[in-house]
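Subject: Model for you to look at

Hello,

Here is the structure I promised to pass on. Please open it first, then read my notes below.

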Number of protein chains: 2
Amino acid sequence: VARLVSLVEDGSDQLREVMALLAPLTGHTHVVGITGAPGVGKSTTTDALLRCLRARGQRVGVLAVDPSSPFTGGALLGDRVRMQEHATDPGVYIRSMATRGHLGGLAAATPQALRVLDAAGFDVVVVETVGVGQSEVEVAASADTVVVLVAPGMGDAVQAAKAGILEIGDVYVVNKADRDGADLAARELHHMLGLAPGGPTQRPVLRTVAATGEGVEGLLAAIDEHRASGLRTGQLTARRTERAAGEVVAVAMAMLARHGQGLDRGSDLDRLAADVAAGRSDPYRAADELLAGLAPAPVSAVAMPTVPR
Amino acid sequence: VARLVSLVEDGSDQLREVMALLAPLTGHTHVVGITGAPGVGKSTTTDALLRCLRARGQRVGVLAVDPSSPFTGGALLGDRVRMQEHATDPGVYIRSMATRGHLGGLAAATPQALRVLDAAGFDVVVVETVGVGQSEVEVAASADTVVVLVAPGMGDAVQAAKAGILEIGDVYVVNKADRDGADLAARELHHMLGLAPGGPTQRPVLRTVAATGEGVEGLLAAIDEHRASGLRTGQLTARRTERAAGEVVAVAMAMLARHGQGLDRGSDLDRLAADVAAGRSDPYRAADELLAGLAPAPVSAVAMPTVPR
């Protein structure tokens, strides 16, 4: 698993083959996104959820999507240390994601890493992202169940609304609920959710103290309920299809970017460009032909294995 | 011309058809890129070149690629006012480019605007870009002849090196050469060019006082010489092909981005994504099929007119 996730981070050429082999094994993991501003307790909540899920006997993966900033990366690394207790548990896999070489960035790399953990048989994967930055928010929003965290006294509901994470929650949590201002934070959250145009007024707003585990069983129950209702209504399939659509476009973009950077030159592009430069073709027609010709793809021509090896 | 350039800025759906019709008319304009840090005198130099070219009887277009910042935009607008004297000259077309609606950004919009001016029969088009920002530098670098400006006393050669514009010049100019420090700036420039690994040591370093016109005939002669040598060696065709390649990739990227934003939904993407979500396909195979299926393109199927209408 670790080696395959590293291939994803590096944007390895082998990914094409790896993903073809993994595909038939996927579709079983429930992906829980946890997001919120820095300091609301995302890692602590992830940790607490992890304990509950392990107590049920479920295998759990954690993908921490760190922004590349060494500053934030450093802070998150400190939190990671708290998870060392799971290091010897074979039912747990924890990984901080970087996307150092992946041309598709977070948008392509995160779903591919999820795909690896899915194929490896993890029942639940928690994707923890800081709720800042467009790519990070998009990654969080593409989870099967999205948990948005706020904390008292941070004006977080307003901040969350500004960051664009208020709309994306399926379950809302006021963490650090033993602190002053928890009531106010919950009211503020209810208020903001009610104000949001077409907003998710029916969605639960819970309270937790993740550090002590208080309320975390309730959070897990809300996640379970969201999953069950998604299975019932078909919403879960719709969301997974949406996530796959984003992934497919990101991979296609990365293929094109390789051409743009000349990494795959010697292809049709040189001929097409010469025709455009000479006025024999135009950029749209050439782009059509480039796109149509981009799929030689030895692996894609191979029949997909339908039985796990 | 103005209406067609506006279509380019807006990323209009009509561009596909427009570009197909314009293609056979293109390939005659010499594109001169002028770049340098803010304050080195790019607009003044453009203005001075414009006078010389008009004195020869050539038709001249100017595309000023402004960063979207209203702050900088305002400053450049002031410079533009100086060009009002050309407003009634039918042999001159001056335009500040914005890329408000174009998904392909500057990389797609600028070459398309050049294509419009080329088809309209301008002999020379000057593309003026501030030498700051990756897209802006790439746009400057893709001109047929690239003029890099520095000014005395600004430590500009070092700044230019940092901004990545030192490598891209075909002709270097110390503008404001009547000021103290012009000798130093020229020496510094020669030095930096000599130090650059595989650097363009043979390329001319000229001096101008664009505000008075001093040295501008010499600059024009250097541009002519670069053009003549490019025609002789085939370098000009190679560079135009490279520019067209970037343009084709940018247009293809914009097509994909439309899919990513759901602007073209109802296409193959939904079906492909459903297959990926269900484990029946993988993102690479789906991306291949998406790219291959992206080219229905009514216009591209139409034979190109080979005779101007």
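Between chain B and chain A there are two salt bridges. Bear in mind that this is a predicted model. One of the bridges joins Arg16(B) to Asp288(A), with the closest N and O atoms 2.7 Å apart. Polar contacts across the interface come to four residue pairs, both residues being at pLDDT 80 or more.

Which elements of chain B touch chain A? Those giving two or more residues are helices H2 (15-22), H5 (105-119), H10 (235-260), H11 (268-277) and H12 (283-293). H10(B) gives the most, with 16 residues. By type, this side of chain B has 32 nonpolar residues, nine polar and eleven charged.

Now the extent of the contact. Each chain puts in residues as follows: 52 from chain B and 52 from chain A. The buried area is about 4,200 Å², and carbon and sulfur atoms give 72% of it. On the chain B side, the residues that lose the most area to chain A are Val248(B), Tyr284(B) and Asp288(B). Together they make up 16% of what that side buries.

H12(B) deserves its own paragraph. Its buried residues are Pro283(B), Tyr284(B), Ala286(B), Ala287(B), Asp288(B), Leu290(B) and Leu291(B). At the start of this helix, a side-chain oxygen of Asp282(B) comes to within 2.9 Å of the backbone nitrogen of Tyr284(B).

Best wishes

Conventions:
Residues are numbered from 1 along each chain as its sequence is written. Chains are lettered from A and ligands numbered from 1 in the order in which they are written. This is a predicted model: local features need pLDDT of at least 70, side-chain atom pairs count only at pLDDT 80 or more; totals for chains, interfaces and linings use all residues. Side-chain values use heavy atoms; hydrogens and water are left out. Contact means heavy atoms within 4.5 Å. Buried area is the accessible area (1.4 Å probe) that two parts lose on being put together, summed over both. A salt bridge is a side-chain nitrogen of Lys or Arg within 4 Å of a carboxyl oxygen of Asp or Glu. A polar contact is a pair of N or O atoms within 3.5 Å; within protein, one must be able to donate a hydrogen and the other to accept it, and residues adjacent in sequence count only if both atoms are side-chain atoms. Helices (H or I, at least four residues) and strands (E, at least two) are DSSP runs, numbered from the N terminus. Ala, Val, Leu, Ile, Met, Phe, Trp, Tyr, Cys and Pro count as nonpolar, Asp, Glu, Lys and Arg as charged, and the others, Gly among them, as polar. Buried means under 20% relative accessible area, exposed over 50%, partly exposed in between (1.4 Å probe, protein chains only).
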